[in-house]
Amino acid sequence: MEFIDEALIEYAIKNSTDESDLLKDLRKQTNQKILHPRMLSSTIQGRFLSFISKLVQPQNILEIGTYTGYGTLCLSEGLVENGQIDTIEINEELLEFQNYFFKKSKIRKKITQHIGSALSVINKLNKKFDIVFLDADKSNYINYMELIIPKLKTGGLLISDNVLWSGKVLKKAKKKDLDTITLKKFNAVLKSHPNLETVLLPIRDGLSLSRKI
Ligand SMILES: C[S@@+](CC[C@H](N)C(=O)[O-])C[C@H]1O[C@@H](n2cnc3c(N)ncnc32)[C@H](O)[C@@H]1O
C-alpha cells in the first residue's frame, strides 16, 4: 500500500539520486519472473536504505528476509571496505535469482546468504551489527527484536519494515490476524523500550528506525 499519491511518489523518485542500472534490472526481472513482487522494497525505500547505510558506514549488516536481493544491494552501498552483510531467506528457490544479481554486483564477496528460518539462523550468528533490517515474517517481529538487540552495537540501527501494515495497525485486529496483533504490540514495545530511541516514518508501508542507546 502507498500512503501518498502515485504522482507524488514519481516526483520523489525523479528528484532523488537514481538507483543503479543493476538495481533497475533486478526490479524489472523480479516483477517479470518472481511470485509476489510486491514484497520488493520500493525505489524510494531502496534509496533511503542506501542513504542511511552510507551515513552509518557499517562494518556489519544483517538483513532478515532477502527475497530477490534488492534491499541487500541497497544496504551494501554503505559498507566500509572490508564490511559484510549477512542476509537470511527461508525460500531456497530464490537463491539462483539472488546469485545472478549478486555476481553482477561489485560486492559479491561482501554478501553471505543464509538459507533457513531466521529465528534459528540469528541464534547462530556470532557477530555484532551496525544495522539490522527486519523485513520478514511479521508474526515473529517481537521475537526477532529480542534476539537482535543484544547483537546490535551501541548506536546501531534496527530498521523495521511494514510497521503500518497497510493501515491495519489503526484498527482492532481480528483474533486470528497474528501479523496485525504482533505489529501493534511491536510498535508499542519499540516506543517504550529503554534501550531504543525510535522514529516511525510513514514511508511506504511504514519504516521504523530504532537506535540502540
Ligand atoms: C518482504 S520480503 C523481503 C524483501 C527484501 N528485504 C527487499 O528489500 O526487497 C520477505 C522475505 O522474507 C522471507 N521469509 C519469510 N519468513 C521467513 C523466515 N521465517 N525466515 C527467513 N525468511 C523468511 C520471504 O520468503 C520473503 O522472501
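In the predicted model, strand S2 (residues 84-89) and strand S3 (residues 111-115) run parallel and are joined by five bridges. Within this pair, isoleucine 85 lies opposite isoleucine 111 of S3. The connection from S2 to S3 passes through helix H5 (residues 95-104), and the resulting β-α-β crossover is right-handed.

Both strands belong to an open sheet of seven strands, arranged in the order S3-S2-S1-S4-S5-S7-S6 with mixed pairing. The edges are occupied by S3 and strand S6 (196-201); each has a single partner strand, so one side of each remains without a neighbour in the sheet. On average, and with direction ignored, neighbouring strands are turned by 15° against each other.

An antiparallel arrangement is found between strand S5 (residues 152-161) and strand S7 (residues 207-212), which are connected by five bridges. Here isoleucine 159 is positioned opposite leucine 209 of S7. Helix H3 (residues 43-56) packs on the sheet, where it touches strand S4 (129-134), S5 and S7. The direction of H3 makes an angle of about 165° with that of S4.

A contact between helices involves H7 (residues 141-148) and H8 (residues 178-192), whose axes come within 9 Å and cross at roughly 35°. Helix H7 contributes Tyr141, Ile142 and Met145 to this contact, while H8 contributes Thr182, Leu183, Lys185, Phe186 and Val189. By residue class, the contact of H7 with H8 comprises six nonpolar residues, one polar residue and one charged residue.

How values were computed:
Residues numbered from 1 in each chain as written. Predicted model: local features only at pLDDT ≥ 70, side-chain atom pairs only at ≥ 80, totals over all residues. Axes fitted to C-alpha atoms, helices over the stretch in contact; angles between N-to-C directions. Helix = DSSP H or I, 4+ residues; strand = E, 2+ residues; numbered from the N terminus. Contact = placed C-beta atoms within 7 Å. Nonpolar A, V, L, I, M, F, W, Y, C, P; charged D, E, K, R; others polar. Pairing = 2+ DSSP bridges. Right-handed = clockwise from strand over helix to strand, strands pointing away.
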